[in-house]
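Subject: Handing over the structure

Hello,

Here is the structure I promised to pass on to you. Please have it open while you read my notes, which follow right below it.

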Amino acid sequence: RKGVAVITGASSGLGLATAKALAETGKWHVIMACRDFLKASRAAKAAGMDKDSYTIVHLDLASLDSVRQFVKNVRQLEMPIDVVVCNAAVYQPTAKEPSYTADGFEMSVGVNHLGHFLLARELLEDLKSSDYPSKRLIIVGSITGNTNTLAGNVPPKANLGDLRGLAGGLNGVGSSVMIDGGEFDGAKAYKDSKVCNMLTMQEFHRRYHEETGVTFASLYPGCIATTGLFREHIPLFRLLFPPFQKYITKGYVSEDEAGKRLAQVVSEPSLTKSGVYWSWNKNSASFENQLSEEASDAEKAKKLWEISEKLVGLA
Ligand code: NDP
């Protein structure tokens, strides 16, 4: 049978390119988990995806109710779930004020981390019951949350501190909207959320890899400077960022190439090692990359896990 992969945020950028790359092999059916059904449907058609190669299911990660409803809906499809890719993200580098999810969490961490945390925890049960030979849960990371790299050292740097803002509910009412308790900064909130993604992947690995055999992985696909992620950035930035990445940092990858990379992490028989953060070198060969001190801090990962469980109603 075909493998079945759930991909969040498959309506544009990396998620769409990955869905397309998997569908084209003829070996995968993609469940496109998207907040905008029409956009997803148009995107899949425009990408030339065969209509039998995907199913679109509504998911708004900015609402925990929507996440729970998605899990119900996807179970009703009566398809196995073999791979889950937590890919969707928001990035609000120019926001002056925070915005909030339906549950009152600051948006970047609410969507990128907390929505995915609940989704991944719920779908782990489905992965466990799948009979697919190589089951995987992939959480897309980023270099920008990784302070052991050049890009990760561009201010404002990621820093979760002692997680006091998160523990307080990240709602700007009784607590700060930033995980570390500081003032709102949209660019930093995104980077913090990516550190959460990488910590969560490792904590999943420690808690569940042996018991379930599921492979847990994260990756940095390269700088895909053309995606919608930068849609809220100032126009001059959007104009100069792609050539800057192409010719100066040489970290640029096309959406197609990045999609192929993530598709490898989904399906390559050689990439089954769990607990790994994958990156690619200049010749597009994958390698196991090192995470920054904070993004590999096991104590912090445990604390993050426990606080997140409370916030999403799992504990
Ligand atoms: P895009 O903005 O193109 O894609 C983001 C996707 O997330 C879109 O499909 C968007 O939906 C979806 N999304 C946003 N909010 C929600 C929500 N509340 N509920 C459900 N879906 C939502 O960005 P990219 O493709 O670049 O980003 C994909 C991943 O790659 C992210 O995890 C990002 O951190 C990571 N990444 C990107 C890099 C880059 O250079 N671009 C580099 C490193 C990592 P909609 O289409 O409706 O807006």
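Lysine 128 and glutamate 125 sit three residues apart in helix 4, so about one helical turn separates them. The two form a salt bridge, with 3.4 Å between the closest N and O atoms. Lysine 128 has a relative accessibility of 32% and therefore counts as partly exposed. Glutamate 125, at 43% relative accessibility, also falls in the partly exposed class. Please keep in mind that this is a predicted model.

How many salt bridges does a search of the whole structure find? The search turns up 17. Here are some others that you may like to look at.

One of them joins the side chains of glutamate 309 and arginine 121, at 2.8 Å from N to O. Glutamate 309 belongs to helix 9 (residues 298-311) and arginine 121 to helix 4 (residues 107-129), so this pair ties together parts that lie 188 residues apart in sequence. Are these two residues buried or exposed? Both glutamate 309 and arginine 121 are buried.

That pair leads on to the helices themselves. Helix 4 and helix 9 pack with their axes 10 Å apart, at an angle of about 85°. Since angles of 65 to 115 degrees count as roughly perpendicular, that is how the arrangement of helix 4 and helix 9 is described. Which residues meet there? From helix 4 come His113, Leu114, Phe117 and Arg121, while helix 9 brings Leu304, Trp305, Ser308, Glu309 and Leu311. Sorted by type, the residues of this contact are five nonpolar, two polar and two charged. If you display the contact, you will find both partners of the salt bridge between glutamate 309 and arginine 121 among the residues listed for it.

Another salt bridge links aspartate 162 with arginine 164, whose closest N and O atoms are 2.9 Å apart. With a relative accessibility of 35%, aspartate 162 counts as partly exposed. Arginine 164 has a relative accessible area of 55%, so this residue is classed as exposed.

Finally, have a look at Arg1, Asp82 and Asp131, which are linked in a network of salt bridges.

If you would like a place to begin, I suggest the contact of helix 4 with helix 9, followed by the network that includes Arg1. I hope you enjoy exploring the model, and do write back with any questions.

Best wishes

Terms used:
Residues numbered from 1 in each chain as written. Predicted model: local features only at pLDDT ≥ 70, side-chain atom pairs only at ≥ 80, totals over all residues. Heavy atoms only, no water. Salt bridge = Lys/Arg side-chain N within 4 Å of Asp/Glu carboxyl O. Helix = DSSP H or I, 4+ residues; strand = E, 2+ residues; numbered from the N terminus. Buried < 20%, exposed > 50% of the residue type's maximum accessible area, 1.4 Å probe, protein only. Axes fitted to C-alpha atoms, helices over the stretch in contact; angles between N-to-C directions. Parallel < 35°, antiparallel > 145°, perpendicular 65-115°, else oblique. Contact = heavy atoms within 4.5 Å. Nonpolar A, V, L, I, M, F, W, Y, C, P; charged D, E, K, R; others polar.
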